[in-house]
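Reader: I am new to this structure and would like a close look at one part of it. Please take the aromatic pairs, and set them against the rest of the protein.

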Amino acid sequence: MIRTRARMLAGLMVVGLFASLALASPAGAAGGSQQQGISDDQIDIVAMVADLDGLRSKGLISQPKLTTGNLLKRWQAYADAYGPINGRKVVVKSAVWDPIDPTTFDKACAQATQDNKPLVVVNGNGYRQSSIPCITVDNSTPMMVGDPVYSQMLKASGNRLFGLLPPSDVIGTATADYVAKQKLVPKTAKIGILGSNEPGQKAGTDALAAQLKKNGYNVVSTVESNVLSGDTALQNRESAAAVGTFQANGVDTVFIGNPFTSTQGYFQEAQRSNAN
């Protein structure tokens with residue numbers, strides 16, 4: 001919760017800076033076309049929020065305060081607390097995706113960039129990275145995200161993508177270097193990596209594996225679960241199956257690059273088979 005709030009606040013600071021730059025005009029300049037998402041009295045942004053109401057209707061969540069509307073209210077509350085930007089009120093609109101339906105991510109992109117014409121799209125966490133280019137590349141709309149993106153996507157998006165964290169491939173390389181520098185893992189270890197086919201996560205684990213090998217480590221097995229399927233049950237079955245694959249390859253040290261929602265099966269199977 002604290003991390004999410006921090007990402008929201010940092011995101012709104014980015015929005016404020018972005019809006020200030022968009023509203024600034026060179027000395028002596030006059031006229032000119034109005035910046036998308038900015039009118040005389042307000043600045044429109046779109047927050048990408050998860051369809052918690054849909055998850056509740058499927059019986060997947062029960063907490064009464066976890067609603068789609070409350071997510072949007074939180075964004076708007078932080079925008080109101082931050083105050084007007086150059087006299088313009090920041091108005092937060094929503095675009096919604098279903099975390100368990102992979103077909104809804106591109107629909108949310110269309111809702112954010114075509115049904116609305118915001119100054120910038122924001123997402124604290126959770127929006128699928130493979131759908132971010134729909135916003136930043138295909139629809140040329142700026143976006144700020146709280147999750148790590150990856151260098152190739154940043155390059156493709158030009159100056160339209162802002163990340164609050166280092167790219168996942170940079171994190172992967174830095175992790176391998178830190179492990180080597182601090183001697184956290186012996187060079188005799190047989191390393192396994194549990195990753196996924198989601199582009200950002202894959203970029204991170206690929207960079208991790210490459211740098212571990214460069215630092216003299218033996219990466220003997222890499223398993224990727226199908227996170228793009230949107231099926232958490234499938235992902236957890238695949239992560240559970242990774243335990244047997246690692247055991248067959250003599251792995252004694254495992255690096256995990258997947259979110260907890262797709263690795264519960266791994267930990268359960270590792271405990272069951274005494275592989276932990």
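Author: What follows starts with the whole protein, passes through one strand and its partners, and then turns to the aromatic rings.

The model is predicted. The protein holds ten helices and eight strands. Of its 276 residues, 43% are buried. Its accessible surface is about 14000 Å², and carbon and sulfur atoms account for 53% of that surface. When contacts between residues at least 6 apart in sequence are taken, 64% of them join residues at least 24 apart.

Strand β1, residues 42-50, gives a setting for the rings. Eight of its nine residues are buried, so β1 is largely enclosed by the rest of the structure. Strand β1 pairs with strand β2 (residues 89-97) in the parallel sense, over nine bridges. Within that pairing, Ile45 stands opposite Val92 of β2. Strand β1 also pairs in the parallel sense with strand β3, residues 120-123, here over three bridges. In this second pairing Val46 stands opposite Val121 of β3.

Now to the rings. A search of the whole structure finds five aromatic pairs. One of the pairs is formed by Phe105 and Tyr127, with 5.6 Å from centre to centre and 55° between the planes, and it is tilted. Phe105 belongs to helix α4 (residues 104-113), while Tyr127 sits in the loop between β3 and α5 (132-138), so this pair ties together parts that are 22 residues apart in sequence. Phe105 and Tyr127 are both buried.

Another pair brings in the helices α9 and α10. The ring centres of Phe246 and Tyr266 are 6.4 Å apart and the planes stand at 70°; an angle over 60 degrees counts as edge-to-face, so this pair is edge-to-face. Phe246 lies in helix α9 (residues 232-248) and Tyr266 in helix α10 (residues 264-272), so the pair ties together parts that are 20 residues apart in sequence. Both of these residues, Phe246 and Tyr266, are buried.

The Phe105 and Tyr127 rings also belong to a cluster: together with Trp97 they form one aromatic cluster. The number of Trp97 places it in strand β2, which covers residues 89-97, and β2 is a parallel partner of β1.

A ring can also have a charged side chain over it, as at Tyr217. Lys187 lies over the face of Tyr217, at 5.2 Å from the ring centre.

Technical notes. Residues numbered from 1 in each chain as written. Predicted model: local features only at pLDDT ≥ 70, side-chain atom pairs only at ≥ 80, totals over all residues. Heavy atoms only, no water. Helix = DSSP H or I, 4+ residues; strand = E, 2+ residues; numbered from the N terminus. Buried < 20%, exposed > 50% of the residue type's maximum accessible area, 1.4 Å probe, protein only. Contact = heavy atoms within 4.5 Å. Areas by Shrake-Rupley, 256 points an atom, 1.4 Å probe, with all protein chains shown as cover. Pairing = 2+ DSSP bridges. Phe/Tyr/Trp six-rings, centres within 6.5 Å; stacked < 30°, edge-to-face > 60°. Lys NZ or Arg CZ within 6 Å of the ring centre and 35° of its normal.
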